[in-house]
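Please lead me through this structure, beginning with its pockets and then turning to individual residues and to the backbone.

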Amino acid sequence: MAVRDIIEIPDERLRVKCAPVTDIAAIQTLIDDLLDTMYSTDSGIGLAAPQVGVTQSVMVIDISENRNEPLVFVNPEIIESEGETSYQEGCLSVPEIYADVARFQRVKVKALDREGNEFITESDDFLAIVMQHEIDHLHGKIFLDHLSTLKRNMLLKKLKKQQRLKQ
């Protein structure tokens with residue numbers, strides 16, 4: 001188990017569509033590393049494999065108050081969705097940038113757990129938003145892709161300025 005570096009935009013690895021996992025045993029260390037990395041941050045409530053440079057369809061989420069109820073999703077897919085909601089999102093790969101993003105209000109997601117057992121979970125609350133955000137990462141998308149071109153360009157400019165100031 002290890003804390004991995006979280007890659008940030010404009011790193012092109014965030015734009016790669018992930019391959020489905022075919023060997024559950026081979027990703028156990030990755031799952032542990034994703035959890036360790038997510039928990040090592042102050043604000044991380046979800047993390048997808050591409051955010052640590054791995055193009056496997058794996059993501060972890062923990063929205064519990066005490067950050068002690070991890071959810072593991074392998075090969076997740078949204079199988080039902082309805083409604084619309086908006087929530088101000090941020091991302092560990094897009095630090096210090098936040099924007100209101102339109103999402104489905106309710107989603108049903110099918111995935112495998114860390115043992116390879118299929119499960120289905122349904123949510124119409126904050127978990128639905130987080131699942132959609134992390135699944136986007138597995139498809140090479142980031143939350144900024146849901147914004148208008150004008151808003152996205154404005155936030156990217158702000159991010160570049162922040163990155164220059166850190167150097």
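In this predicted model, the second largest pocket encloses about 180 Å³ of space. Its lining consists of 13 residues, and those that lie nearest its centre are Ile 9, Pro 10, Arg 15, Ile 142 and Leu 156. Sorted by class, this lining has six nonpolar residues, one polar residue and six charged residues. Two of the residues nearest the centre of this pocket, Ile 9 and Pro 10, are also joined by a peptide bond that is cis, with omega near 15°. Pro 10 itself belongs to the segment before helix 1.

The largest pocket has a volume of about 470 Å³. It is lined by 23 residues, and the closest to its centre are Ser 43, Ile 45, Gly 90, Cys 91 and Leu 92. Three elements, namely strand 4 (85-91), strand 5 (94-103) and helix 2 (126-138), each contribute at least two residues to the lining of this pocket. The classes in the lining of the largest pocket are 12 nonpolar, eight polar and three charged residues.

From the pockets we may pass to a position that carries an annotation. The unreviewed UniProt entry lists Glu 134 under "active site", and in the model this residue is placed in helix 2. With a relative accessibility of 4%, Glu 134 counts as buried, because the limit for that class is under 20%. Once its neighbours within four places in sequence are set aside, Glu 134 is in contact with Gly 46, Leu 47, Ala 48, Gln 51, Met 59 and Ile 61.

Another buried residue with a charged side chain is Arg 103, whose relative accessible area is 6% and whose place is in strand 5. Its side chain makes a polar contact, at 2.8 Å, with the side chain of Asp 136. Beyond residues up to four places away in sequence, Arg 103 touches Asp 136 together with others, including Gly 83, Glu 84, Thr 85, Glu 89, Ile 129, Gln 132, His 133, Phe 143 and His 146.

Two further buried residues lead back towards the start of the chain. Asp 33, in helix 1, has a relative accessible area of 5% and is therefore classed as buried; leaving out residues up to four places away in sequence, Asp 33 touches Met 1, Ala 2 and Arg 4. Thr 41 lies in the loop between helix 1 (28-39) and strand 1 (46-48), and its relative accessible area of 16% makes it buried as well. The side chain of Thr 41 reaches the backbone nitrogen of Gly 44 at 2.8 Å, while its contacts with residues further along the sequence than four places are Ile 6, Arg 67 and Leu 92. Thr 41 and Val 3 are 38 residues apart along the chain, yet their C-alpha atoms are separated by 9.8 Å.

Which backbone angle deserves a look at Asn 75 and at Glu 96? Asn 75, which lies in strand 3 (residues 71-82), has a positive phi of about 55° although it is not a glycine. Glu 96, which lies in strand 5, likewise has a positive phi without being a glycine, here of about 65°. Glu 96 is partly exposed, with a relative accessible area of 48%, whereas Arg 103, in the strand that also holds Glu 96, is buried at 6%.

Conventions: Residues are numbered from 1 along each chain as its sequence is written. This is a predicted model: local features need pLDDT of at least 70, side-chain atom pairs count only at pLDDT 80 or more; totals for chains, interfaces and linings use all residues. Side-chain values use heavy atoms; hydrogens and water are left out. On a 1 Å grid over the protein atoms alone, a cavity is a set of points where a 1.4 Å probe fits but cannot get out, and a pocket is an open set with protein on both sides within 12 Å along at least five of seven lines; lining residues have an atom within 4 Å of a point. Grid points are joined across faces, edges and corners, and a volume is the space filled by probe spheres set on the points. Helices (H or I, at least four residues) and strands (E, at least two) are DSSP runs, numbered from the N terminus. UniProt positions are given in the numbering used here, feature names are shortened, and annotations may be inferred rather than shown by experiment. Buried means under 20% relative accessible area, exposed over 50%, partly exposed in between (1.4 Å probe, protein chains only). Contact means heavy atoms within 4.5 Å. A polar contact is a pair of N or O atoms within 3.5 Å; within protein, one must be able to donate a hydrogen and the other to accept it, and residues adjacent in sequence count only if both atoms are side-chain atoms.
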